[in-house]
Each structure stands twice: as structure tokens, then as C-alpha cells.
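Got your viewer open? Let's walk through this one together, one selection at a time.

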Amino acid sequence: MSAATKPRSTVHETRRLTARKPEKRVVVAKELGYCWGVRRALEIIEEAAESAAPIAPIGDVIHNPQVVERLRDRGVEGAASVAEAAERGFRRVAITAHGMGPHLAGEASSAGLELIDTTCPLVTKVQRLAQKLVRQGYFLVVYGDAYHPEVRGVLGWAGTSKSAAAKKIADLPWNAPRGARGEGVATPPRKVAVVSQTTKNVDELMAFAQQLQAMVMPEGGEFRLCNTICEPTSERQNALKRLVEEDHVDLILAIGGRKSSNTARLAEVGAALGVPSHHIERPEDIAPSWLAGADVVGVTAGASTPDDVIEAVVAELASQGYAPPEGGIRPVDPGYVPAY
Ligand code: SF4
């Protein structure tokens, strides 16, 4: 599993020494686990699976192996493409919460398959925004992982060659600010806009945008940043920051599937705050050496991590002498709808 450790900040060390309680205990972030969009997508797909024939989501319906396994038992099993789903005899395919490009509806229709769309409305918002920015003449940069289905889907909806996915400036086709001249110099066009994969880290997005802005703005360039990191992702990252500041944790465990981008971000946020942080998928991933000297263990979980997996990690820690969190894992507010 990925492990991220950095030296602790002086501020954190001082607080820990003055405020640490003697007992070993687990504290959980106030916001963790299933986000609104994933919960919504699972409800749609589970309801659809109950009422009729099996469904093949194109790609993982969710980046969590335990949930994928559970859904398989209900007749929901991923396929790599519409063609593969049709070949395996599925009559229904689904778009996952991450969304997909517009080609998918056409492929499903041509194959005579029913299409169930569980795209998170917050992702749909980014797809529509990408189209609008392209119409307005911007070169579109999607800040995110080029391989991720959400990023590929947004680029698909943008529908132009004047677009790129990038996580760092070196991923872009330019190597110098506008106005620079010389052999091998590639400069940005006059209008560049950035949207973000919804699960990215806001601090890293800002750092990337600042560098890109400095390349685009000379000689009358126009730069636009649209922060499309979703509210549930920001809340999880903020809740983790509060956990470090208020509960003075010695160790952070970020629980989520190995492919879960937002869980990886949570581990990065914890490490950036100076706390040893590890991305784990299940209780067995906890290395005994991590717990040596760790009295307060902070637990967070990505947007696709079900409650029972979080509870299993807490139970494992309890078996090793850590008091479980007061009040358990946070209650779900069924009426919550994020701003979008
Ligand atoms: S992480 Fe955000 S955008 Fe992605 S499914 Fe959850 S709520 Fe929607």
C-alpha cells in the first residue's frame, strides 16, 4: 500500500506533547466514507438490478473491491466496453458515478442495449462547463489523472483536440511563457481554462494553476480557473485537517480501494500536515510497525468506502488495545445534497 510520511511540523509536535491523552484510542474524521454521489449511484443501480435483468457497468461501478464483490452477487458485473457487455449477453449497461464520454450512449443504442446513467450530477456539471469553455474559445486543461474515467469523460464531452489532461506543467504541450521565442520553444495559446477532476486536492490545484497562469498571462493572454473539486471531497479533506489540529493524531489511516483517487489524496493531505499517513484497503494492510508509539490513530475513508469496511478497521485497532471512537462512525444525513 502507498505510505506517505514526512517530518512533523513543529506546531503539531508541540500541540501533541501538551495535549495528548495517555490512553490509546481511535478518532474518526467527521466526514468520511461514501459521498453523496456514490451513495446515489449505488441506490440507482441496486434498485435497477432488483427490478430486472443483470447490468454491466462500463468499468468499476465504484473503486472499492468489497462493494464490487457484493454487487456481483446481485447481478451487477463490470465490463470493459459496451461490445464486451453485449458479447457476454448483458441487455443493460450502466455509466458509473465518474461519468463517461458521449460516445457511450451511441454505442449502447447501436448494440440495442438499455443504458442506465448513474453519473454524479457534480461530474455532469464539470462536463457541461468543459463544453461551455470550449465554445468560448478556451484551450481546456483538465487538472487530473489522464487515465481516470472521469477525466477521460470530461475530455470526451469537450470534444476538441484543443484540450489536455495534466497533473503537472510538464504534462502540457508547452514549455515556456507566451512571448518566449527560440528553437524548441512551445508557448500556450491566448486563452486557457482549467477545470479539475472532482476528487483532487485544492492546495495542489492552486499551485498548478498559479504556474500555468504565469505562462498564459503575458502578451494579453487570458487565463481562467474553475475550481470543480466537489463539496464532499473538500469536506473530507477539511475534516481530516480538523482531526489533525484538534485531536492531535499520531498516525492517519486513509481507508479505500487501491484505485480510489480521493483516498490517495486523503493520505497525501495527512502527510502534508506532518503526520505519518497510510492508504489502506482493509484491516490486514495495517503494519504493526506503524502502531509503535502511536497512541491516537486518526481514521478517514474515501468517497467509495462503505461503512462496514471502516468499522472492520476500527475493530482491528480495538483488538490491538485502541479505544473505539466515542459515538462510532458518523451518522448519515439522508437529506444532504451538496451545492452544485
Ligand atoms: S466524489 Fe464528488 S463528484 Fe465524485 S461521486 Fe462523490 S460527490 Fe460526486
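**Where two domains meet**

Start at a border: nine residues of domain 1 are in contact with seven residues of domain 3. Keep in mind as you go that this is a predicted model. On the domain 1 side of that border, select helix H9 (231–247) and helix H10 (261–272), each of which supplies at least two of the residues touching domain 3. H10 gives the largest share, with five residues. Colour the domain 1 side by class and you'll get two nonpolar, five polar and two charged residues.

Now zoom out. To colour the whole protein chain by domain, use 3–34 plus 231–319 for domain 1, 37–120 for domain 2 and 122–226 for domain 3. If you place a marker at the C-alpha centre of domain 1 and another at that of domain 3, the two sit 32 Å apart.

**A stop on helix H9**

Go back to H9 and pick Lys-241, which is found in that helix. Is Lys-241 buried or partly exposed? Lys-241 counts as partly exposed because 15 other C-beta atoms lie within 10 Å, while being buried would take 20 or more. Setting aside residues up to four places away in sequence, Lys-241 touches Val-269 and Leu-273. Now add Ala-29 to your selection: Lys-241 and Ala-29 are 212 residues apart along the chain, yet their C-alpha atoms are separated by 8.9 Å.

**Around the ligand**

Next, select the ligand and show its surroundings. How many residues surround the ligand? There are 15, and the closest are Cys-35, Gly-37, Cys-120, Thr-198 and Cys-230. H9 turns up again here: helix H2 (36–51), helix H6 (121–135) and H9 each supply at least two residues of the shell. H2 contributes the largest share, three residues. By class, the shell has ten nonpolar and five polar residues, and no charged ones.

**A three-stranded sheet**

Switch to the cartoon view and look for an open sheet of three strands, ordered E3-E4-E5 with parallel pairing. The edges are strand E3 (56–57) and strand E5 (114–117), each pairing on one side only.

Click on E4, residues 92–95, which runs parallel to E5 and is joined to it by four bridges. On that side, Ala-94 stands opposite Ile-116, and Ile-95 stands opposite Asp-117. Towards E3, E4 pairs in the parallel sense over two bridges, and there Ala-56 stands opposite Val-93.

Now show the side chains of E4. Arg-92 and Ala-94 point one way, Val-93 and Ile-95 point the other way, and all are buried. In a regular strand, side chains alternate between the two faces of the sheet.

**Into the core**

Val-93 leads to the next stop. The largest nonpolar core has 55 residues, and Val-93 is among those with the most contacts inside it, along with Val-38, Leu-140, Val-141, Val-142 and Val-154. Domain 2 and domain 3 each give at least three residues to this core. In soluble globular proteins, nonpolar side chains tend to be buried together.

Pick Leu-140 for a closer look. Beyond its neighbours within four places in sequence, Leu-140 is in contact with Ala-130, Leu-133, Val-134, Ala-158, Lys-162, Ser-163 and Ala-193.

For the last selection, try Leu-32, Leu-240, Ala-301 and Val-314: they are among the 32 residues of another core, which lies apart from the largest one.

Key. Residues are numbered from 1 along each chain as its sequence is written. This is a predicted model: local features need pLDDT of at least 70, side-chain atom pairs count only at pLDDT 80 or more; totals for chains, interfaces and linings use all residues. A nonpolar core is a set of buried Ala, Val, Leu, Ile, Met, Phe, Trp, Tyr and Cys residues joined through C-beta atoms within 7 Å. A residue is buried if 20 or more other C-beta atoms lie within 10 Å of its own, exposed if 12 or fewer, and partly exposed in between; C-beta atoms are placed from the backbone. Domain bounds come from an automatic or database domain assignment. Two residues are in contact if their C-beta atoms, placed from the backbone, lie within 7 Å. Two strands pair if DSSP finds at least two bridges between them. Ala, Val, Leu, Ile, Met, Phe, Trp, Tyr, Cys and Pro count as nonpolar, Asp, Glu, Lys and Arg as charged, and the others, Gly among them, as polar. A residue is near a molecule or strand if its C-beta atom, placed from the backbone, lies within 6 Å of it.
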